[in-house]
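Visitor: Please give me a close look at one part of this protein: the aromatic rings and the packing around them.

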Amino acid sequence: MSAQASAAVTPDVALKGDASYFRAGVYSRHFNNNKGNVGRLGNEHDNYIELAPSVTLAEVDGTEWRFTTSFAMSTDEEGAWQATDKAAGNGENIAFANTQAFLRVTGLLDSDKGAALWVGKKYVRVDSHVVDNYWRNVSGNGVGIENLSLGSGKLRANWTRRDDARDFALKASGYSLENGHNDDGDGKQAVTKPSRTATNMFDVEYGFAPFDSSWASVGYTLVAPQRYASEYSNYGYKLKEEVGNGHLFTAVLGESLLGGWNNTVVRYVKGSTAGAGLWSHTYTGSKDSSSYNIDIIDFGAVNFTENFNMLYHTWFNFSKVKNSLDNKETHGRDFQLVLRPQYKLTKMTRLILEAGMFTSSSDTTVFGDESEKGNTQQQKLTLAYGITPDAGNAWSRPEIRFFATYKHFGHNEGRTGTYGNGFTVNLMDKATAGASTVDSLSDGRKTEFYFGVQAESWF
């Protein structure tokens with residue numbers, strides 16, 4: 001490293017990435033986490049830490065060369081604090097990942113010094129914090145430009161790629177292999193299928209300010225799985241019949257509201273990526289190209305008085321998902337509402353209430369058979385006492401929270417419940433001379449109450 005670059009590396013910039021974050025706590029009991037449906041306050045029992053060291057490597061002729069990486073570790077249970085491998089009988093599940101590693105260069109364009117070029121593994125995503133859902137997430141390994149001036153706004157464009165394991169299923173018509181391959185043990189010929197797919201995402205977004213104290217953007221993403229057609233064509237397997245392109249369109253309008261801000265998002269996802277709701281940004285498997293998801297999301301933070309503010313999130317979803325493998329077509333309707341009012345008690349303490357609800361209804365048509373209807377409801381209520389440096393600021397962190405949470409899982413056809421660890425029992429069927437059958441109650445109870453203490457911060 002040159003002397004000039006070394007001078008730029010100081011303790012002040014050694015941990016200044018965009019993702020440093022942690023949460024940890026202790027809870028009266030284990031519970032099923034459904035924060036994406038009814039809100040995350042008092043609804044996260046994992047320990048999570050992500051550190052994002054970032055250093056300036058060089059500053060030459062008005063350019064800055066900056067390297068950022070981030071490392072994350074999460075545990076999904078309390079327990080043996082030094083365990084590393086639950087599968088080996090050593091305690092809790094621990095996951096470790098290098099979530100980012102990219103080089104970012106600014107100042108390359110004399111006419112647009114704020115524009116940046118980046119290469120590597122990078123987060124490209126935006127979320128609604130109270131439910132921790134990323135409604136746009138095209139993160140991955142790639143290359144991109146950002147903050148590029150175009151007219152009165154800014155342009156961002158990137159190509160990212162993800163390689164994921166995938167369990168491909170056969171289409172209803174099936175596939176056949178050439179002679180000479182072994183069968184699968186039941187007299188039928190085995191079928192070789194790919195176990196991985198690479199998803200390429202070509203993404204562009206343009207942001208601008210339509211009027212004072214506002215912001216807006218329009219974006220488009222082409223989700224193009226790599227099909228490896230030539231590799232499997234010799235086996236009679238037409239991967240392109242299972243893996244199609246997906247399309248993601250977004251429009252965002254944000255504006256100042258009651259001393260805070262409000263974002264309204266309209267999102268349309270079409271194609272084989274459309275089967276995953278808010279997570280519709282990668283290939284989800286064997287969905288027909290006519291599948292779609294329409295989302296209307298509204299979220300923000302407002303200040304009613306100096307001592308009283310609120311975070312909120314709403315989501316409406318309309319979808320049609322056609323599965324070409326089992327000849328099913330599902331029409332769905334979802335609604336979600338999460339409110340988090342906060343009242344400042346003293347300079348560093350506040351009272352927090354979070355109420356969340358989620359409803360989902362679906363109508364599935366199995367071609368050649370009757371339709372199947374489904375309906376689910378979930379509710380959560382959390383009361384918390386928070387200690388934070390600036391209790392009047394909704395986003396003040398770090399924060400320590402003492403909380404109590406009540407959750408309820410409502411009507412759900414064909415399920416026992418949703419909370420608790422659950423269990424499985426063997427039932428004796430007298431009609432078949434005592435034959436044993438398995439009845440799984442793994443979804444546990446319909447209601448749950450627990451309390452705990454959690455610490456959270458980002459930095």
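Guide: A residue counts as buried when its relative accessible area is under 20%. Keep in mind that this is a predicted model. By that cut-off, Tyr21 and Tyr48 are both buried.

Start with the rings. The structure holds 18 aromatic pairs. Tyr21 and Tyr48 form one of them: the ring centres are 6.1 Å apart and the planes meet at 50°, so this pair is tilted. Tyr21 belongs to strand β1 (residues 21-27), while Tyr48 belongs to strand β2 (residues 47-51), so the pair ties together parts that are 27 residues apart in sequence.

Now compare Tyr206 and Phe208. Their ring centres lie 5.8 Å apart with planes at 25°, so they are stacked. Tyr206 is partly exposed, at 21% relative accessible area. Phe208 is partly exposed too, at 29%.

Go back to Tyr21 and Tyr48. Ring pairs link them with Trp261, Phe299, Trp395 and Trp458 into a cluster. Phe299 also sits in the largest nonpolar core, which has 8 residues. Its other members are Val38, Trp135, Val252, Val265, Ile297, Trp315 and Phe358. A second, separate core has 7 residues, including Phe31, Leu41, Ile352 and Ala384.

Look around Phe299 itself. Neighbours within four places in sequence aside, Phe299 contacts Trp135, Val265, Trp261 and Tyr312, among others. Polar names are on that list as well, including Asp127, Ser128, Asn262, Asn263 and His313.

Finish with a charge over rings. Lys122 lies over the face of Phe102, 5.2 Å from the ring centre. Lys122 also lies over the face of Trp118, at 5.6 Å from that ring centre.

How values were computed: Residues numbered from 1 in each chain as written. Predicted model: local features only at pLDDT ≥ 70, side-chain atom pairs only at ≥ 80, totals over all residues. Heavy atoms only, no water. Core = buried A, V, L, I, M, F, W, Y, C linked by side-chain atoms within 4.5 Å. Buried < 20%, exposed > 50% of the residue type's maximum accessible area, 1.4 Å probe, protein only. Contact = heavy atoms within 4.5 Å. Phe/Tyr/Trp six-rings, centres within 6.5 Å; stacked < 30°, edge-to-face > 60°. Helix = DSSP H or I, 4+ residues; strand = E, 2+ residues; numbered from the N terminus. Lys NZ or Arg CZ within 6 Å of the ring centre and 35° of its normal.
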